[in-house]
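Q: Can you walk me through this structure? I'd like to start with one residue in the middle of things and work outwards.

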Amino acid sequence: KKFARGYMAKYYIGDVVEEERELPEISKDFLRLRDDLMQKGLFKANPWYYILFFIHIALFEVLGVLILWRYGTGWLPWLLSSICLATAQTQAGWFQHDFGHRSLSSNTRLSKLLHCFAMPITKGLSGEWWNYRHTQHHVKPNVFMKDPDITVAHSFLIGKTIPAKWGRERRGWLPFNLQHKYFFFTMPPFLYPIFFHLDCAIYMLINREWWDAIWMTSFALRWHYFFASVLGGFWASFRLYFFVRILESLWFTWTAQMNHVPMDVDYDQKRDWASMQLATTCNVEPGWFSDWFLGHLNYQIEHHLFPTMPSHSFFKAQPYVQEFCRKHGLNYQLKPLWTAYADIVRSLKKSGEIWQEAWEMGPMKYD
């Protein structure tokens, strides 16, 4: 009990008293909406969707292997193979995402087993590590010191409140006023191949996730078997692996950041579930390419409101969510794909300017 209380302390909001037991109207409406969508079958997974999803991932990986085996290791086959393998790995990331959210089955044991297949075996990373990070993100999205995805203040300052605070306190060892420029050659290319791998390894060692390590070994052996012999040894296959991870990281980072970085980032405002998710999340316009390229995470609002809903149901839930937002005056942001990408840079630039202005004005003028 003491361990659990220590872990949950940062999510403490307050004690429930009798007069607060009555839910606000927006929360009641949200629960009615969720029940309605459940009755419509939108929380029921379609097995064929996931079977076909996995087949298309496997085809990209097989194509990446065959290109090198058939056409040799010249720069063009090597590059084409890398693109196919990066596509397979990125799509496998969207694939495991549903497994991690228990979207395929309400049976916890079965869901965990499926995620053990989807994450360590297809991606080569720990499913327990992913769940640990990602659950915190969903519980408190864009909440500083509670969402690990945006608590990166020693590298980037996001939002308005945190940059102003750090600026007036003269904190920061990086020129945050230039973060919209150094973002391009830091986080997108190296988030996956360096930070995620190190963070995952540290988490597994601290928490002794040996079973995940065993599962992950199968990924490493598969990669070595397919590429070490054709490329000429371990280091040649590792160079390919690192480059594939860079390509995947570029794809993943821009996709993951566009739904949250331009939105409200602050300390915990203790808002109700629906209001919190809408304030911190935006969508990208749907379409066959966007849906595939972004793994249906262009419906980020629907995903954050209903984390256990299978991704193939998001587009069906969208009109009901939009009607809910209109009724309660919530801002349902929907952007074109390239606007969403550009907003990442614009928001980083604005946050950097806030930090620089606060730094230059000094602490006394902000007190």
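## Contacts, cores and loops

A: Start with Met258: leaving aside its neighbours within four places in sequence, Met258 is in contact with Cys282, Val284, Leu294, Leu337, Ala340, Tyr341 and Ile344. The model is a predicted one.

Q: Which residues have the most contacts inside the largest nonpolar core?
A: Those are Trp129 and Met258, in a core of 49 residues. Eight helices give two or more residues to this core: H3 (47–71), H4 (75–100), H5 (108–123), H6 (127–139), H7 (161–168), H9 (187–207), H11 (234–258) and H16 (337–361).

Q: What about a second core, which residues does that include?
A: The second core is separate and has 20 residues, including Leu37, Phe43, Tyr299 and Leu305.

Q: Why would such side chains end up together?
A: In soluble globular proteins, nonpolar side chains tend to be buried together.

Q: Back up a bit. How many helices and strands are there in the protein?
A: The secondary structure comes to 16 helices and two strands. The radius of gyration is 22 Å, and the globule rule gives 21 Å for 367 residues, so the protein is as compact as a globular protein of that length.

Q: What box do the C-alpha atoms fill?
A: Roughly 70 × 55 × 45 Å, taken along the principal axes.

Q: And how much of the protein counts as buried?
A: Of the 367 residues, 50% count as buried. The accessible surface comes to about 19100 Å², and 65% of that belongs to carbon and sulfur atoms.

Q: What share of the contacts joins residues 24 or more positions apart?
A: Taking the contacts with a separation of 6 or more, 71% are between residues 24 or more positions apart.

Q: Charges next. How many positive and negative ones are there?
A: There are 38 positive and 32 negative charges, and the mean positions of the two sets are 5 Å apart.

Q: Let's look at one helix. Which residues of H7 are buried?
A: Ile162, Pro163, Ala164, Trp166 and Gly167 are buried in H7.

Q: What do they pack against?
A: The buried residues of H7 pack against H16.

Q: What follows H7?
A: Arg170 follows H7, and the phi of Arg170 is positive, near 55°. Arg170 is not a glycine. Its place is the loop between H7 and helix H8 (179–182).

Q: Is Arg170 buried or exposed?
A: Neither: Arg170 is partly exposed, because its relative accessible area is 42%, and partly exposed covers what lies between under 20% for buried and over 50% for exposed.

Q: What else sits in that loop?
A: Phe176 lies in the loop between H7 and H8 as well. Phe176 is buried, with a relative accessible area of 0%.

Q: What does Phe176 touch?
A: Not counting residues up to four places away in sequence, Phe176 touches Ala153, His154, Ser155, Phe156, Leu157, Trp166, Arg171, Tyr182, Gly352 and Trp355. Among these, Trp166 is one of the buried residues of H7.

Q: How far is Phe176 from Gln356?
A: Their C-alpha atoms are separated by 7.4 Å, and the two residues are 180 residues apart along the chain.

Q: New topic: the loop between H6 and H7. Where is Pro148?
A: Pro148 is in that loop. Pro148 touches Arg133, Gln136 and His137, leaving out residues up to four places away in sequence. From Pro148 to Gly74, the C-alpha atoms are separated by 40 Å, with their positions 74 residues apart along the chain.

Q: What is the phi of Met145?
A: The phi of Met145 is near 75°, a positive value in a residue other than glycine. Met145 is also in the loop between H6 and H7.

Q: And inside H6, is Asn131 buried or exposed?
A: Asn131 is buried, with a relative accessible area of 14%. It is placed in helix H6. Asn131 touches Gly100, Arg102 and His115, not counting residues up to four places away in sequence.

Q: Last one. Where is Leu80?
A: Leu80 is found in helix H4. At 39% relative accessibility, Leu80 counts as partly exposed. Leu80 and Gly64 are 16 residues apart in sequence and 7.3 Å apart in space, C-alpha to C-alpha.

How values were computed
Residues numbered from 1 in each chain as written. Predicted model: local features only at pLDDT ≥ 70, side-chain atom pairs only at ≥ 80, totals over all residues. Heavy atoms only, no water. Helix = DSSP H or I, 4+ residues; strand = E, 2+ residues; numbered from the N terminus. Rg over C-alpha atoms; globule rule 2.2 N^0.38 Å. Buried < 20%, exposed > 50% of the residue type's maximum accessible area, 1.4 Å probe, protein only. Contact = heavy atoms within 4.5 Å. Areas by Shrake-Rupley, 256 points an atom, 1.4 Å probe, with all protein chains shown as cover. Lys, Arg positive; Asp, Glu negative; His and termini not counted. Charge placed at Lys NZ, Arg CZ, Asp CG, Glu CD. Core = buried A, V, L, I, M, F, W, Y, C linked by side-chain atoms within 4.5 Å.
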